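Colleague: As a newcomer to this model, I would be grateful for a close look at one part of it, the strand pairing. Please then place that part in its wider setting.

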Amino acid sequence: MELGQMVWFDIGIGYPIPGEIVHSSGKSMQIRSSVDGKIHKIRDSSGVKVRHDAVEDGIDDMIQLRDLHEGSLLMNLKQRYEKSQIYTYTGSILVAVNPYKMFDIYGIEMVKQYEGQLIGHLPPHLFAIGSGAYARMSKNNENQVVVISGESGAGKTESTKLIMQYLAAVNKSANNTVTEQ
Ligand SMILES: Nc1ncnc2c1ncn2[C@@H]1O[C@H](COP(=O)(O)OP(=O)(O)OP(=O)(O)O)[C@@H](O)[C@H]1O
């Protein structure tokens, strides 16, 4: 591998981290971590792997990642989070990173944008999950379930409220009591 090559390498934390080769001689290498800029000396480079998805902004559906491991998922979420993109798909699953501050992305304009849209047509958003469930319920006349899971403080309650807000806003039935309920 040549100098400047973007790679995944192991520093013994359980998953590989991304970096750039800055020095190489025989089997040993120096790699600058893309996480914190620190230089790591690697004695045996046999575990160093080429990084294919070195795009600055990350990818909005992680199914498209070419390097798939815990390190690549975390890096992708981190890159998006740093650009205030708190939502990312993995296929039809939405991954949310709690920003602990309210972004202006849940208003009526956003509801209108996502209403009737299939998952994947617009950038990842909680409302796309609401829209998909609502569309399948109306079309197939079947109850739908949205599973929201995460550790304590991850944002499950907040996400539930936001999805309910979306469903209340798009429900056109005459006796719409979703908000009251
Ligand atoms: N989408 C969001 N935007 C902004 N802030 C959020 C969002 N989701 C969560 N938060 C913030 O994080 C805090 C914790 O979220 P929440 O109560 O939903 O977590 P939880 O997963 O339900 O936790 P627990 O399992 O402990 O009940 C909220 O009080 C809120 O301040």
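## The strand pairing and its setting

Modeller: In this predicted model, Met6 has Glu20 of strand 2 as its bridge partner. This pair of residues offers a convenient way into the pairing of strand 1, residues 6–9, with strand 2, residues 17–25. The two strands are antiparallel, and 4 bridges link them.

Strand 2 also pairs with strand 3, which covers residues 28–33. Here there are 6 bridges, and the sense is again antiparallel. Within this second pairing, Met29 of strand 3 is the residue that stands opposite Ser24. Strand 2 and strand 3 form a hairpin with 2 residues between the strands. In that hairpin, Gly26 adopts a positive phi, near 60°.

These pairings belong to an open sheet of 5 strands, arranged in the order 4-3-2-1-5 and paired in the antiparallel sense. Its edges are strand 4, residues 39–42, and strand 5, residues 49–50, each of which pairs on one side only. Read along that order, strand 2 sits between strand 3 and strand 1.

The wider setting begins with the division of the protein chain into domain 1, residues 1–82, and domain 2, residues 86–170. Their C-alpha centres are 31 Å apart. Contact between the two involves 8 residues of domain 1 and 9 residues of domain 2. On the side of domain 1 that touches domain 2, 4 residues are nonpolar, 3 are charged and 1 is polar.

Two backbone angles further along the chain deserve attention. Most residues other than glycine have a negative phi. Tyr100 has a positive phi, near 55°, although it is not a glycine. Tyr100 is placed in the loop that runs between strand 7, residues 93–96, and helix 2, residues 108–114. Because 7 other C-beta atoms lie within 10 Å, and a residue counts as exposed at 12 or fewer, Tyr100 is exposed. Asn141 is likewise a residue other than glycine with a positive phi near 55°. Its place is the loop between helix 3 and helix 4. Asn141 has 7 other C-beta atoms within 10 Å, so it too is exposed.

The loop that holds Asn141 also contains Gly153, between helix 3, residues 126–140, and helix 4, residues 156–170. Gly153 has 9 other C-beta atoms within 10 Å and is therefore exposed. Thr157 lies in helix 4. Since Thr157 has 10 C-beta neighbours inside 10 Å, it counts as exposed as well.

Both Gly153 and Thr157 are covered by a "binding site" annotation in an unreviewed UniProt entry. According to that record, the annotation also takes in Gly150, Glu151, Ser152, Ala154, Gly155 and Lys156. In the model, the ligand is surrounded by 13 residues, of which Ser152, Gly155, Lys156, Thr157 and Glu158 are the closest. By class, this shell is made up of 6 polar, 4 nonpolar and 3 charged residues. Ser152, Gly155, Lys156 and Thr157 thus appear both among the closest residues to the ligand and in the annotation from the UniProt record.

To return to the part you asked about, the order 4-3-2-1-5 sums up the sheet, with strand 4 and strand 5 at its edges.

Key:
Residues numbered from 1 in each chain as written. Predicted model: local features only at pLDDT ≥ 70, side-chain atom pairs only at ≥ 80, totals over all residues. Near = placed C-beta within 6 Å. Nonpolar A, V, L, I, M, F, W, Y, C, P; charged D, E, K, R; others polar. Domains from an automatic or database assignment. Contact = placed C-beta atoms within 7 Å. Pairing = 2+ DSSP bridges. UniProt positions renumbered as here; feature names shortened; annotations may be inferred. Buried ≥ 20, exposed ≤ 12 C-beta atoms within 10 Å, placed from the backbone.
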